[in-house]
Amino acid sequence: MSVLNNSRGDTARDTTRDAARGASRTPGPRKNFSAWANRHRKWLFAAPAMIFVGVLIVFPLAWTIYLSLTDSQGSVRAASEFVGLENYLTVLSDVERFWPAVGRTLTFTGVALVCEVVLGMGIALLLWRPFRGEKWVRVAILLPLVATPVAVGMMWRLIFDPNIGFVNQLLGMIGIPPQPWLSGQDTALGTTIFMDIWQWTPMVVLILLAGLTSLSEEPDEAARMDGANAFQRFFFITLPLMMPTVIVAILLRGIDALKTFDILYATKGKGGGSFHEVETLNVYAYGLSFDYNQYGLSSAVLILFFMIIIITMWLLTMRKKAVSK
Amino acid sequence: MKRRSIVKYAAVAAALSLGVTACGGGSGSSDAKTSGTVRVTLANHVWTDGIKAAIPEFEKATGLKVELTQLGEDQLSDQYNVKLNAGSDEIDVMMYRPLQEGKAFAKNGYLADLTSKVSADSNWDWKDYQDGPVKASTVDGKVVGVPIITEREVLYYRKDLLAAAGVQVPKTMDELEAAAKKISASNPDTAGFVARTGKSAAVTQFSSFLYSFGGDFVDASGKSAVGSDAAKKAYSFYGGLIKNYGPKNVSTDMSWPEAMAIFTQGKAAFYTEADSLYKNATDPAKSKVSDKVGFAALPAGPAGSKPYNIPSWGLAVNKASSNQDNAWKFIQWATSKDRTLAAQKAGVPGPRASVWADPAGTSTYPQDLADAIAASAKTGVGHDRPEVVTVGKAREIVGAPIVATITGADASAAADTANDAFQKFLDSEKK
């Protein structure tokens, strides 16, 4: 408005008039907006988050559900027909790829999670009491956590190479014959689980350590007075008190482990190897959409996968509530 | 007043959300039209390195600007899947694999029809292109791409190991097996033979064996032929070579980088692979055996020596691009006779007959490789994988018996299983 007025050349008078109008008389657009914003502030402040959730979570999810009910393939823009639950029936009756992938996903998550929590608890207990050089040890333990998963995959692939890898050379020195590791049909999944444990135990340590440091010392001291040994104190005092934290660690790590993709893809490529030996649900869904371009089928797998995650997490949260009581 | 402001804010919110979704998509598509920027997406390849260095020439000559995106093979596929699926116009020129993606892309309507453009300029000369590559770049009678790189499967071998064992360069598959057996027996640390082993990756290199044994993926009537006697023999031979004379603890996930590494580390005597990768074996920076590598045409099987002879990469124009004329200008320049010759001299076999006829075209090649290529071009087969729409899936099906044989399973049973699965797959594609 001031620009418009300037062109007429009488700036001073207009500025005064503007000021006067803004101060008292008819509500200007700005005032109008403030009043509106005031009335609706709960919506206004929540709007960025709501738009974010809507655009990046609700829309993709709804679109995936829609795709899973069509026979979309080739291109998502190509004409596709509504086929109802046919994709789900196809997927659920697929014993060649789908069910083995479910099995692998659960094995991977289960084994990795148990090892990570047990190891994580052990390491956290070691780091709990202050000791000399504590800072350095903590930093060193956290290093795997900050490495990029794809780089980690490439690194372990070289270390585990059956012919020129470091591990087999090391084994050779003590007279153990070379093992196939990542390239073996039966050993590949175990090797990738090991890589996951190597990379993610530090995160569990971090969470558990935070829990341990917030525990009060009294119960432990009282038990000590009563003559309880270290094992008894851990299993009957520390562990029960730590249970809520342990479940948080399991929850966070569990979701992450279920949807692991990067290290599997980096070490075994599309399809999880020639025998699909490390093909989890995530890798399978990726192959279905990016390699086979079967978007309907792939969406059905993803929705089922989503439901598996939700159910697992719901069970864990129930457990957490029970423990907290 | 109140209602109007609500409408206003809703509009802003909608614009914002649209903006967010468009983030991944393109900014400046209209810029491309007005400023003459050609957006080119290329794969990591020796060919790309050459073009990249020459792009300033093109920019100077035409006044156009080139915006280059360079990606690894898998990332490139994923990019196309995402962007072309979304109908994005932010790619003008795309490097693609005619035999892997050509049919699917054309069917999905991602590729612009270049038929009238290729025949318009007689100086550029579409007729100069070899038949095989032209056929692979044509879908349903329409030219959808211009081939840039061609490949044939040849035999890489170690001259020193052959001389030490006193064996001749094998001319037949039987001789190859005997030589591999002899060398691996006398050199415990060296494999007699290595090749790709990954279920999908091995299919292309296995194809030449399949043809040389008298088979193919699909028979004349369009039915699956991977269960034929010839195919069973080929599976058993290829898998058997790797199982019996291949590296110890051989991985079943090897594509060319892994198999090439074994050969260039000096751990194998014979290796069958695409000729376009020969620099990896002869470049001292990449190969420990660079001065000891020899090349020969693929040994002859019962049906003769029938390697594939295919265009592995081509250039196409995105149908959704609003800059198709400039995109074509770029392709015309990048595939000109001069550029093809320059690329071929840098070690990238091209698709132009005139460049192969020109002595300068093969001047930088080892003589034995040039001979092998010339022989393969004569007897070559125009495809190295099943010619279907969903090639990725087909490769996994027909590749399964290769891996099964390598791990010691019965080739014949595996081929029968694959045959049923492949027939089902072919039926599903017909629908």
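Trainee: Why does Asn249(B) count as partly exposed?

Mentor: Asn249(B) has 17 C-beta neighbours inside 10 Å; since a buried residue needs 20 or more and an exposed one 12 or fewer, the value falls in between, and Asn249(B) therefore counts as partly exposed. Bear in mind that this is a predicted model.

Trainee: Where is Asn249(B) found, and what is its phi?

Mentor: Asn249(B) sits in the loop of chain B between helix H11 (229–245) and helix H12 (256–264), and its phi is positive, about 50 degrees, although the residue is not a glycine.

Trainee: What makes Asp125(B) partly exposed?

Mentor: The count for Asp125(B) is 15 C-beta neighbours inside 10 Å, and because 12 or fewer would make a residue exposed while 20 or more would make it buried, Asp125(B) is classed as partly exposed. Its place is the loop of chain B that runs between helix H6 (115–120) and helix H7 (131–136), and there Asp125(B), a residue other than glycine, takes a positive phi near 65 degrees.

Trainee: How do you know that helix H11 of chain A lies largely in the open?

Mentor: Helix H11 of chain A, residues 218–225, has eight residues, and the number buried among them is zero, so the helix lies largely in the open. What follows H11(A) is Gly227(A), with a positive phi near 90 degrees.

Trainee: At what angle do the axes of helix H6 and helix H12 of chain A cross, and which residues make the contact?

Mentor: The axes of H6(A), residues 98–128, and H12(A), residues 230–258, come within 10 Å and cross at roughly 145 degrees, and the crossing is right-handed. On the side of H6(A) the contact includes Thr105(A), Phe108(A), Ala112(A) and Glu116(A), while H12(A) contributes, among them, Val246(A), Ile250(A), Arg253(A) and Gly254(A). By class, the residues of this contact divide into nine nonpolar, four polar and two charged.

Trainee: How many residues does each chain give to the contact between chain A and chain B, and which helices of chain A supply residues?

Mentor: Chain A gives 25 residues and chain B gives 28 residues. On the side of chain A that touches chain B, helix H3 (29–39), helix H4 (41–68) and helix H14 (281–291) each supply at least two residues, with the largest share, four residues, coming from H4(A). That side of chain A comprises eleven nonpolar, eleven polar and three charged residues.

Methods
Residues numbered from 1 in each chain as written. Chains lettered and ligands numbered in written order. Predicted model: local features only at pLDDT ≥ 70, side-chain atom pairs only at ≥ 80, totals over all residues. Contact = placed C-beta atoms within 7 Å. Nonpolar A, V, L, I, M, F, W, Y, C, P; charged D, E, K, R; others polar. Axes fitted to C-alpha atoms, helices over the stretch in contact; angles between N-to-C directions. Left-handed = near helix turned anticlockwise from the far one by under 90°.
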